[in-house]
Structure formats: structure tokens, C-alpha cells
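Please walk through this structure with its cysteines, its strands and its turns in view.

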Amino acid sequence: MDVVVVGAGPTGLVAAVALARRGHRVALVDDDGGPTGSIDGDRWARRGVMQFHHPHAFRSQVVDVLRTEIPEVLDALLARGAEPAAPSDGTDPAPTRPGDPLPPGTGLRCRRMVVEQELRRVAEREPGVTPVRGRADAVLDERGRATGVRVGDRRLDAGLVVVATGRAGRLDDHLRARGESADCGTAYVSRQYRLRPGASPGPMTMPIGAVAMHDGYTAIAFPHDAGTFSTLIARPPADHRLRGLRHEPAWDAAVRAIPLLAAWTDPERAVPLTPVLPGGRLRNTYRGQLDDEGRLPLPGFVAVGDAVCTTNPVAGRGIATSLMQVERLVALVEEHGDDHAATALALDAWCEAAIRPWFTDHVATDAAQSERWAGRDVDPTRPPTSDLVVAAIAADPSLLAVAGPYLVMAALPDSLAAVHPRVQEIYASGWRPPPTEGPTRDELAAVVASASPDAATALA
């Protein structure tokens, strides 16, 4: 069967190779020309993908899909210095020696750019995949079925069109219902660094790196591959006083003031690798395969990845949920063959059960965090949101037995209902998660103002 995959991010690349290895002829459409210079260089603008150079952590679900579908990519990433990350559910897998397979449940610390470089390297060499440079302008259809896409003045015919265009894609706006959307209530700025030769990483508080929950904002350090790492400051978007963080002097002053980030970015330990990278306004979104009438709009067309679901990237679930969808899609194509309507309907039903709950969870937790950032206290009479359950582990470590599987996405968010009464009891006692030592948001705003003329204007 001829397949067109639109979008060559991680979702589209894995889908294209996985389908080709099952005997399908795949055209992979993307308007990005790839890295500047060698494919494994450090320069790749990846225009239109805002989050490309921002921090990423790759959960065990990503490793599992790569191990199943494209194991040579996993090997290449480890050879390039990607670091295995143990689960955060309380288990502790055996250490991995070079060349040993990764234990089940292991994630990966790596830059997204490096992951895409290795995926693209395989896709460009895969016999059943034909890369097509250009922008897909329209999904083509005849007699109520998708028949391919138009790329400029070129027609690409196919029995199945897979749209993996990401959160900003508009190719299928006229086909599917608009879906649901909620503001994440978070804006962030990040920067990548490289450790100096012989330098050790900064302090770690969890498998993905280190997180510091401050009074009114969050600071995170993400180790990556080959001695690279990112630092990030997430804050309420309504607090304009911190907009100046996008300017290098203000960013450097803020990083020096936050103990966790100061330790990681000490000039004796690390040097900047990128400019300061502001993030765009973020939304949690969910959009199924059906149209406004609840019907399948076009058999032979299916959407996957961020085109279906996006969640607050601070939790690092985006590529995991995307590749879970790819794995399910590939299995359904094998099961239903040319019955593309059955494939799309089955994928939609599976996503409702396995993917939508993560969207719903983020909508609730992001709204609750926004309330707390605005100064509202926890209401212990209300069922706790997932982040409050996780925070309460500090007060009662036995909660990890239930929260651990949720943390590694081995159990859906509703599994936490089993400990809601205990968590409510903890918060009703007056316990609250203590903020990490460091400046409050007001104090951080003053630091930013002193270093950034733009921020000083915002304070006036």
C-alpha cells in the first residue's frame, strides 16, 4: 500500500520507517531541509518547531517504541552519549554497561535535535521511504476517500494519509472537529549548556535531572547527551515582570540567583551552547479523528501525535504519547489492511481511552498550579489534582506505591483516586510542600529588573 506521512518530526519519522518495514511504500513530506552541514552537527534551525531546542526528556515509552521499531536508532543515541534514565516509580534497574540492552522502564536523557538527527538518518536510507521536500497544501479525496496530498504543483497519490504535522499543523482543519483546548498557564525560558572537559553534572533530584519548586515559579535542569544540558525557568505568563528573562543579562542574573541553576551553570563547570530560548504560549489540546457531526470525515486519512494531543511540556509526556499513538496505528493498519475507516475509528477509540486522560489530567493540574501561583491555598475538601498527590509523597512515602506507576505513565491518572482520601487528610492537617530555598517570584523579578531595561520598564 502507498502511504503519505506528512511531517518529519519524531512522530512522522517513526511512523514512516515502521510502516515501510511492514512492506508499505511511504512518501515522507516535510519542508525542513535538515541540519546545516553534517547531519550530526549542532546547527539546525528547525523553523516552525518552537520546542525543538528546548529541554526534552524521553520516557521509557519512547525507548520501548524505538527498541521495537528502529533499534539501530537507540544504539546510535547511546553511542552519541545519550544517558539512560532510571524510572522514577521507586524501582532501581541494574546499571547498564556499554553495549548492554537497556532494562525495561528505562528512559533516555538526550537533546531532541540528536534524536531527530538519528531518526532522519535512518529514514533517509530506508528502502521503502521516499523523502519529499515541500509543504503539503491539501489532502486530496475522490468519492469520499482520501487519495493523497498536494505538495506545491505535485500530486502524491496514496491509499492512506497520515498527518503528523504537530501542534501548529493546519492541513486538516476543515476535516476534524476543533477539539478541546486549555491554556497551560505556564511560560518558560531555557538555555542549553555544555559541561567543560572533566566537569561533573550539577545536583540531581530525580531521573530526568533536578527540579526546584520555588515560591511562584519552577526551575529545572535537564541533563542531555555528551555533556550537554538545559536549564529552564517556568513562570505564570501573566507576570510581565519576568518577560525580561529572554534577554541574556537578565537570564544570567536570574540563573546566578537560583541556587540549583547557579550550581549547574557555574562558569567553572559549564559554558553556554545556545542563546536564551523563549518559549511560546502553551496550550493543552485534544482533538479526535471525527468531524463536528461525530462522523469519520474522510476514510484513508488519520492524524497522530501532537495533531491529536498536546500537554504541558514541563512534564515531558508529548513524544511519549505521540509514539504510543504511532505504535497503535501501525498495529491497526496491520489488523485492518485496506479498511482505513476501521483503522481510524479504532485509533480514535483507543486514544479516547489511553491518551485523552493525560490531556484531562494536565488541564486540571495546570489550572490548580495557576491558582497556587496566584496565591490561592490548597482546598483539602476538593479531590486533589495529580501534582498534589505527587507532592504529598514527601509527607507520606507510602503514597509512592500508587503514584509511582502514574509517574512513569504505566497507570492512568484515575489510578490516583485510591489515595485521594489519604492525600486530603495530609493537606487538611495543614501540611504544604515547602518551597525550595531561593528567591521568591517577587525577588526574582527584582533581579531581572536590575539586569534588563525592558523588565525595569515593565515594573514601572
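**Cysteines, a central strand and two turns**

C110 has 0% relative accessibility, so it counts as buried. C351 is in no disulfide. The nearest cysteine sulfur to that of C351 belongs to C309 and lies 8.4 Å away. A disulfide needs the two sulfur atoms within 2.5 Å. C351 is also buried, because its relative accessibility is 1%. The model is a predicted one. A search of the whole structure finds zero disulfides.

Now turn to strand β13, residues 217-223. Seven of its seven residues are buried, so the strand is largely enclosed by the rest of the structure. In a regular strand, side chains alternate between the two faces of the sheet. In β13, Y217, A219, A221 and P223 point one way. T218, I220 and F222 point the other way. Residues of both sets are buried, each with under 20% relative accessible area.

What does β13 pair with? One partner is strand β12, residues 210-214. Five bridges join β12 to β13, and the two run antiparallel. H214 stands opposite Y217 of β13. The hairpin of β12 and β13 has two residues between the strands. In this hairpin, G216 takes a positive phi near 100 degrees.

Strand β14, residues 228-235, is also joined to β13. Here there are six bridges, and the strands again run antiparallel. I220 of β13 stands opposite L232 in β14. So I220 can be placed twice: it is one of the buried residues of β13, and it has L232 across from it.

The hairpin of β13 and β14 has four residues between its strands. A226 sits in this turn. Its phi is positive, about 50 degrees, although A226 is not a glycine. Is A226 buried, partly exposed or exposed? A226 counts as partly exposed, because its relative accessibility is 43%.

Another residue other than glycine with a positive phi is R143, where the value is near 50 degrees. R143 is found in the loop between β6 (136-142) and β7 (145-151). With 82% relative accessibility, R143 counts as exposed. The cut-off for exposed is over 50%, so R143 passes it.

To retrace the path: C110 and C351 are buried, and the structure has zero disulfides. β13 is joined to β12 by five bridges and to β14 by six. A226 lies in the loop between β13 and β14, while R143 lies in the loop between β6 and β7.

Terms used: Residues numbered from 1 in each chain as written. Predicted model: local features only at pLDDT ≥ 70, side-chain atom pairs only at ≥ 80, totals over all residues. Heavy atoms only, no water. Buried < 20%, exposed > 50% of the residue type's maximum accessible area, 1.4 Å probe, protein only. Pairing = 2+ DSSP bridges.
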